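Trainee: Please take me through one part of this model closely. Then show me how the rest of the chain is arranged around it.

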Amino acid sequence: MNILSIISKKRDKKALTKEEIEYFINEYTKGNITDYQAAALVMAIYINGMNYEETTNLTIAMANSGEKLDLSDISKCIVDKHSSGGVGDKITLILMPIIASLNIPVAKMSGRGLGFTGGTADKLESIPGYKVDLSIDEFKQNVKDIGISLITSSLNLAPADKKIYALRDTIACTDNIPLIASSIMSKKIAAGANKILIDITCGNGAFMKDIKQAKELANTMVKIGNLAGREVRCVITNMDEPVGNAIGNSLEVIEAARALKGEMTEDVKEIILALGVQMIFMAGLTNDRLKAEMMIADSINSRKAYEKFKELIRKQGGDDSYIENTDRFTKAKYVIPVLSENSGHVKEIKTELIGNISVYLGAGRTKKEDSIDFSAGIMMNKKIGSYVEVGQPLAYVYANDEKKIDGAVKNLKESFVIDSKKVSKPKAILGTIA
Ligand code: URA
């Protein structure tokens, strides 16, 4: 077998065998296939696609390319959650303490932000003292002790995905269903969960721009999961505007802390309920939607989820007084309103642009080595459907670098499309595939 015949087969629109896919993954992971040959194959997959069997074989080969975590000593039922990425997506910070407070074990590895999307690990690190890089033994012990641990992976999980993901980013091949499905599912399978909930973001701030693509991605992941012996459910959430109001690390932690005290925007509430219900179903607590929603509401109203979040922070070395009193977080030096130049209804928000502006302000990275400015970011003041008068703030820029303010304000103004006609608020949940 050789890589040239594999590339030419996919170039000629033929399906690859399990052996050919395994050969590519193993040899590329070992460094025996060059990046330009891998790029040619990935581009051929991007253009000509893969059937379910190929995508499943790709996923399993990627999951087997490195270490795998065994969580069976913690519980027979480990429910994991993953988002396909978005702007202002602080759902993990709110949902996981809720789930843990219902005695469903949460052992979750989260990524860092790259590109215009944020990463949960960076958000957690904005809490002074919080350690995301625990050893696997500490990680498992924390789940056994308090029912929850949120870390970044110190294991070499699905290294093939790391290489292919980085490559896709440099050859304009990120938005592709077999490649996204195998990337997400290989990591989740290697991370040990047997029940996996995927939040598939859909809209102008997500990889999936339209609902047809998002549904196809969801169906692909459910099928791959089933073929790999995992239960997978998907909820499609709207990413035509940022989630909630905050974009940026400590700003999002503050919003999450408030949400856990019951103060949440409508879209965050809808997403928490929709994802939470599916996780409760998968964990087998009930099959009744209303009962599951009541469990979530009770966890928030009784402050159990809030206390669980603080317990998690203390357990991982963080200072939970920042959650008790969010004014303790260092605030950005400059907080500048972005004033509307028109009156009218917000019709459209260019979400990816907003994500990029927050990265520009220092809230994310353009290169892996970049350090994060935890207090930088954006607070939305208006979302789709809101009415705004001339001179009212659309958003606020949180910056520490004075030189970046003008550019951020100008681009933020351009991120909002204002219309004279009334616009209805978009739904946060676009579909559920189980
Ligand atoms: N998230 C991933 O982990 N991989 C993708 O390809 C897209 C989103």
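Mentor: Start with Thr326, whose relative accessibility of 13% makes it count as buried. The cut-off for buried is under 20%. Keep in mind that this is a predicted model. Thr326 sits in a loop, with helix H15 (321–324) before the loop and strand S7 (334–339) after it. Set aside neighbours within four places in sequence, and Thr326 is in contact with Ile254, Ala257 and Arg258.

Now set that loop residue against the whole chain. The protein chain has 17 helices and 13 strands. Its radius of gyration is 21 Å, close to the 22 Å that the globule rule gives for 434 residues, so the chain is as compact as a globular protein of that length. The C-alpha trace spans about 65 × 45 × 40 Å along its principal axes. Of the 434 residues, 57% are buried. Thr326 belongs to that buried group. Take the contacts between residues at least 6 apart in sequence: 78% of them join residues at least 24 apart. The exposed surface comes to about 17800 Å², and 49% of it is supplied by carbon and sulfur atoms. Charge is the last global point. There are 58 positive and 55 negative charges, and their mean positions are 2 Å apart.

Next, a strand to compare with the loop. In strand S4 (residues 195–202), 8 of the 8 residues are buried. In a regular strand the side chains alternate between the two faces of the sheet. Here Lys195, Leu197, Asp199 and Thr201 point one way. Ile196, Ile198, Ile200 and Cys202 point the other way. Both sets are buried.

What lies alongside S4? Strands of a sheet pair through backbone hydrogen bonds, either parallel or antiparallel. Strand S1 (residues 79–83) runs parallel to S4 and is joined to it by 5 bridges. In that pair, His82 stands opposite Ile198. Strand S5 (residues 231–238) also runs parallel to S4, over 8 bridges. There, Thr201 has Thr237 as its bridge partner.

Leu197 shows what this means for one side chain. Leu197 is in S4, and its relative accessible area is 0%, so it is buried. Apart from residues up to four places away in sequence, Leu197 touches Asp80, Lys81 and His82. It also touches Arg233 and Val235. Leu275, Gln278, Met279 and Met282 complete the list. Asp80 is 117 residues away along the chain, yet its C-alpha is 6.1 Å from that of Leu197.

A second sheet offers a contrast in pairing. It is open, has 3 strands in the order S10-S8-S12, and pairs antiparallel. Strands S10 (387–388) and S12 (416–419) stand at the edges with a single partner strand each, so one side of each has no neighbour in the sheet. Strand S8 (residues 344–349) pairs with S12 over 4 bridges, in the antiparallel sense. Ile349 stands opposite Phe416 in that pair.

Now go back to loops, and look at Phe374. It lies between helix H16 (351–361) and strand S9 (377–380). Buried or partly exposed? Phe374 is partly exposed, with a relative accessible area of 29%. Thr326, by comparison, is a loop residue that counts as buried. Beyond residues up to four places away in sequence, Phe374 touches Asp122, Glu125, Ser126, Asn249 and Ser250. Phe374 and Ala38 are 336 residues apart in sequence, and their C-alpha atoms are 36 Å apart in space.

Two further loop residues deserve a check of the backbone. Most residues other than glycine have a negative phi. Ala158 has a positive phi of about 40°. It is found in the loop between strand S3 (148–151) and helix H8 (159–170), and it is buried at a relative accessible area of 0%. Arg303 also has a positive phi, near 70°. Its loop runs between helix H13 (289–301) and helix H14 (304–315). At 37% relative accessibility, Arg303 counts as partly exposed.

So what should you take back to the starting point? Thr326 is a buried residue in the loop before S7, in contact with Ile254, Ala257 and Arg258.

Definitions and conventions: Residues are numbered from 1 along each chain as its sequence is written. This is a predicted model: local features need pLDDT of at least 70, side-chain atom pairs count only at pLDDT 80 or more; totals for chains, interfaces and linings use all residues. Side-chain values use heavy atoms; hydrogens and water are left out. Helices (H or I, at least four residues) and strands (E, at least two) are DSSP runs, numbered from the N terminus. The radius of gyration is taken over C-alpha atoms; the globule rule is 2.2 Å times the number of residues to the power 0.38. Buried means under 20% relative accessible area, exposed over 50%, partly exposed in between (1.4 Å probe, protein chains only). Contact means heavy atoms within 4.5 Å. Accessible areas come from the Shrake-Rupley method with a 1.4 Å probe; for residues, only the protein chains shown count as cover. Lys and Arg count as positive and Asp and Glu as negative; His and the chain ends are not counted. The place of a charge is taken as NZ of Lys, CZ of Arg, CG of Asp or CD of Glu. Two strands pair if DSSP finds at least two bridges between them.
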